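Student: I'm new to this one and would like a close look at a single part. Could you pick a spot in the interior and walk me through what sits around it?

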Amino acid sequence: MPPKARIVGTGHYLPPLVRTNADLAKMVDTSDDWIQERTGIRERRIAPPEICTSDMAAAAAESALKMAGLTAKDLDMIIVGTVTGDMPMPATAVFVQQKLGAVNIPSFDISAACAGFIYGLSIADNFIRAGAMKHILVIGVELLSRVIDWEDRGTCVLFGDGAGAVIVGPADSTPVERPRGILSTKIMSDGSLARSLMIPGGGSVTPASKEVIDEKLHKVKMKGQDIFKAAVKNLYSASRDAVEEAGMRPDDVDWICPHQANLRIINQAVERLGVPKEKVLVNIDKVGNTSSASIPILLDQSLRAGTIKEGQTVLMCALGAGISWGSALIRV
Ligand code: ACO
């Protein structure tokens, strides 16, 4: 099936504060060597207190709109993938809508953790494919530094803050041999691993209370190895499926733009796919794991740097809490 939707603009925002591995080694029992060897991370960005999630999302969106040559008035919908929204209610997307000056359009959040951007992209593709909408803003944004236990060395070394955004618009309808656009998307969840990565307090199961705070149930809890194994397996299978659905082989893809969770996860999944490492885009050393923001940040950086060139294919894949995962193959 020819693509109906295409990414017509990208943008990202990274907060100014840099926290290095050496900084973390002063806070918990860890070392630069351990973090680099086990994760590939050297430093991450941290949002200052005056910045909230929708501020970062709106900044990334402004940049994507500019690249697309559009304004907020051209948008038909706003989808925000985040698990660290401004507040539990309402959706972060409505704050983004208000900050951008977009009016009377559906705006909502998706809770699919690190896969939130891919979920949003898949939904946007399908709305445009159905002919229901023309321009959809899809954002991945996380302010994880506010929900991390900075005394837990097993999680605090991994995450960073940031936002990435894309504008999805109509694909060119002129038939060509290698059409530009979203070629295929896959999204999936497995609730049997729901408790492997969670923020257990503050919801209907354990509402906010003094005990929740005292026991740090409002902070991220993770079984790292469960996530690691599931990530390698599912990133591989979702990537393979997205490529096959487009009638291609993994090695035909020009670039892989994977979720930046851990360099070892990326390397193992890509090795299984049989794609050379030279085709893999990486920025985890500089930004850490920014969850749903990681793919749109890396995509935008790689497009603006000229690494990804017009006409090339890019395979994106992500897995996170849920566990939820997905992939998308695009030709830019
Ligand atoms: N510094 C030093 N030592 C540490 C640190 C640290 N920061 N963290 C853990 N260790 C120790 C452990 O305590 C353990 O010590 P022990 O053997 O004395 O008990 C030892 O290192 C090994 O711990 P493991 O958990 O087995 O280490 P592993 O190689 O699995 O690496 C990691 C841990 C990096 C968390 C890895 O499991 C991982 O990356 N998992 C995936 C996590 C992930 O990607 N999560 C996010 C995806 S979802 C999302 O993005 C929202």
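**A look inside, starting from L299**

Tutor: Let's start at L299. Setting aside the neighbours within four places in sequence, L299 is in contact with I7, T10, V166, C257, I308, V314, M316 and I330. Keep in mind that this is a predicted model.

Now step back to the group that L299 belongs to. The largest nonpolar core is made of 32 residues, and L299 is among those with the most contacts inside it, along with L121, V168, V314 and M316. Two of these, V314 and M316, are also in the list of contacts of L299. Helix α5 gives the most to this core, with six residues. Another core, of 30 residues, lies apart from it, and F228, C317, A321 and I323 are among its members.

L299 falls within the span of helix α11, which covers residues 294-304, and that helix carries a salt bridge worth a stop. D300 pairs with R304, with the closest N and O atoms 2.7 Å apart. Both partners lie in α11, four residues apart, which is about one turn of the helix. Are the two ends of this pair buried or exposed? D300 counts as buried because its relative accessibility is 1%, under the 20% cut-off. R304 is partly exposed, at 47%.

Helix α5, the big giver to the core, has a pair of its own. The side chains of R129 and D125 meet in a salt bridge at 3.7 Å, N to O. These two also sit four residues apart, about one turn of α5, which runs over residues 116-129. D125 is buried, with 3% relative accessibility, while R129 is partly exposed at 23%.

For a pair with no buried partner, look at D252 and R249, whose side chains meet at 3.3 Å, N to O. D252 is partly exposed, with 34% relative accessibility, and R249 is exposed, at 55%. In total, the structure holds 13 salt bridges.

Next, the empty space. C317, which we met in the other core, also helps to line the largest cavity, together with L235, S239, I256, P258, I266, A269, V270 and L273. That cavity has a volume of about 50 Å³, and the structure holds one cavity of 30 Å³ or more. Helix α9 gives the most to the lining, with four residues, and α8, β11 and α9 each supply at least two. By class, the lining has eight nonpolar residues, one polar and no charged ones.

Two of those helices turn up again in an open space. The second largest pocket holds about 590 Å³, and of its 28 lining residues G154, L158, M222, G224 and N262 are the closest to its centre. Both α8 and α9 are among the elements that supply at least two residues of this lining, as are α2, α6 and β12. Here α8 gives the most, with six. This lining has 14 nonpolar, ten polar and four charged residues.

Last comes the largest pocket, with about 1,200 Å³ of space. Of the 44 residues that line it, V83, T84, V147, I199 and G201 lie nearest its centre. By class, its lining has 24 nonpolar, 15 polar and five charged residues.

Terms used. Residues are numbered from 1 along each chain as its sequence is written. This is a predicted model: local features need pLDDT of at least 70, side-chain atom pairs count only at pLDDT 80 or more; totals for chains, interfaces and linings use all residues. Side-chain values use heavy atoms; hydrogens and water are left out. A salt bridge is a side-chain nitrogen of Lys or Arg within 4 Å of a carboxyl oxygen of Asp or Glu. Buried means under 20% relative accessible area, exposed over 50%, partly exposed in between (1.4 Å probe, protein chains only). A nonpolar core is a set of buried Ala, Val, Leu, Ile, Met, Phe, Trp, Tyr and Cys residues joined through side-chain atoms within 4.5 Å. Contact means heavy atoms within 4.5 Å. On a 1 Å grid over the protein atoms alone, a cavity is a set of points where a 1.4 Å probe fits but cannot get out, and a pocket is an open set with protein on both sides within 12 Å along at least five of seven lines; lining residues have an atom within 4 Å of a point. Grid points are joined across faces, edges and corners, and a volume is the space filled by probe spheres set on the points. Ala, Val, Leu, Ile, Met, Phe, Trp, Tyr, Cys and Pro count as nonpolar, Asp, Glu, Lys and Arg as charged, and the others, Gly among them, as polar.
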